[in-house]
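I opened a fresh notebook page for this chain today. Here is what I looked up, in the order I went.

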Amino acid sequence: MDPHEYCEQKAAASGSSFYYSFLFLPQDRRRAITALYAFCREVDDVVDDCSDTATARATLAWWRQELAAAFHGTPQHPVTRALAEVAPHFNLAEARLAEIIDGMQMDLDYNRYPSFEALRQYCHRVAGVVGQLSAGIFGHQDPRTLEYAADLGLAFQLTNIIRDVGEDARRNRIYLPLDEIERHGVSAADITASRETDNFRRLIEFQIDRALGYYRDAFAKLPAVDRRAQRAGIVMAAIYRALLDEIRRDGCRVLTRRVSLTPVRKLWIAWWTWIRN
């Protein structure tokens with residue numbers, strides 16, 4: 001299979017909201033962002049799908065070798081072959097891509113985070129860096145756009161964490177900061193036992209408000225000269241903020257259900273946001 005066709009299928013099969021934000025990009029930029037997204041999916045799947053930690057570590061080490069081969073040798077995997085083709089045209093740095101693997105490695109080392117500052121480092125590696133790489137693919141003139149992209153990536157990851165609290169808890173992972181859990185009168189045991197108390201609802205409301213704050217901060221940093229070029233990120237933000245609205249409307253019951261938007265609604269939000277920006 002052609003490497004870019006493989007990446008396209010990987011992105012489409014995931015059902016992710018990110019896929020809808022790529023649809024209106026020119027072909028060269030769409031191929032590049034799809035290759036980046038497929039890389040993120042592959043290394044994330046290593047952690048999510050592999051129950052044996054030693055095997056997961058070995059697989060991530062293999063991906064590090066493949067990444068090095070994409071820049072200095074002959075990569076074998078379709079995703080790294082696609083990255084090798086697009087990286088020189090969009091300034092995709094090997095070190096930044098390796099930092100994404102560092103973030104995935106954290107999932108093998110930690111299943112709890114004591115504070116938001118500790119969680120923030122994880123979010124930057126698995127999402128903030130991706131945001132900055134994506135901004136480079138979309139195109140920008142002002143270097144401050146990279147600050148916007150880092151904050152937007154962090155907002156996306158916080159949204160994912162809120163949406164997936166129950167699913168993660170069933171894997172014995174809690175990404176909500178432990179000090180904030182305690183401050184809201186909730187325990188880790190409440191979360192792993194799926195106890196959706198009033199205190200838990202207030203905890204999730206707090207997390208939603210913080211995520212929305214990062215969206216606001218991100219767009220306050222986006223220079224006007226780059227707004228049109230960064231429309232794909234703006235589309236993604238519109239979809240994710242709609243998801244947060246749905247979670248709040250549903251009573252923040254993220255322990256017992258996974259709120260999602262329909263493909264038709266995502267496509268509608270994507271189209272409407274794109275033409276308005």
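At roughly what angle do the axes of helix α8 and α12 cross? I found that the axes of α8 (residues 145–163) and α12 cross at roughly 160° and come within 8 Å. Axes here are lines fitted to C-alpha atoms, for helices over the stretch in contact, with angles from 0 to 180 degrees between N-to-C directions. Angles over 145 degrees count as roughly antiparallel and those under 35 as roughly parallel, so α8 and α12 are roughly antiparallel to each other. Among the residues that meet (heavy atoms within 4.5 Å) are Y148, L152 and F156 of α8 and I208, A211 and Y215 of α12.

Before going on, I noted that this is a predicted model, where local features need pLDDT of at least 70, side-chain atom pairs count only at pLDDT 80 or more, and totals for chains, interfaces and linings use all residues. Residues are numbered from 1 along each chain as its sequence is written, and side-chain values use heavy atoms, leaving out hydrogens and water.

Next I checked pLDDT (the predictor's confidence in each residue, from 0 to 100). The chain mean is 94; among its elements, helix α2 (residues 17–22) has the lowest mean, 79, and helix α12 (residues 198–221) the highest, 98.

Then I turned to helix α3 (residues 27–49) and helix α6 (residues 94–109), whose axes come within 9 Å and cross at roughly 20°. They are therefore roughly parallel to each other. L36, F39, C40 and V43 are among the α3 residues in this contact, and I100 is one of those from α6.

I followed I100 further: beyond its neighbours within four places in sequence, its contacts also include R125, V129, V130 and L133.

How values were computed: Helix = DSSP H or I, 4+ residues; strand = E, 2+ residues; numbered from the N terminus. Parallel < 35°, antiparallel > 145°, perpendicular 65-115°, else oblique.
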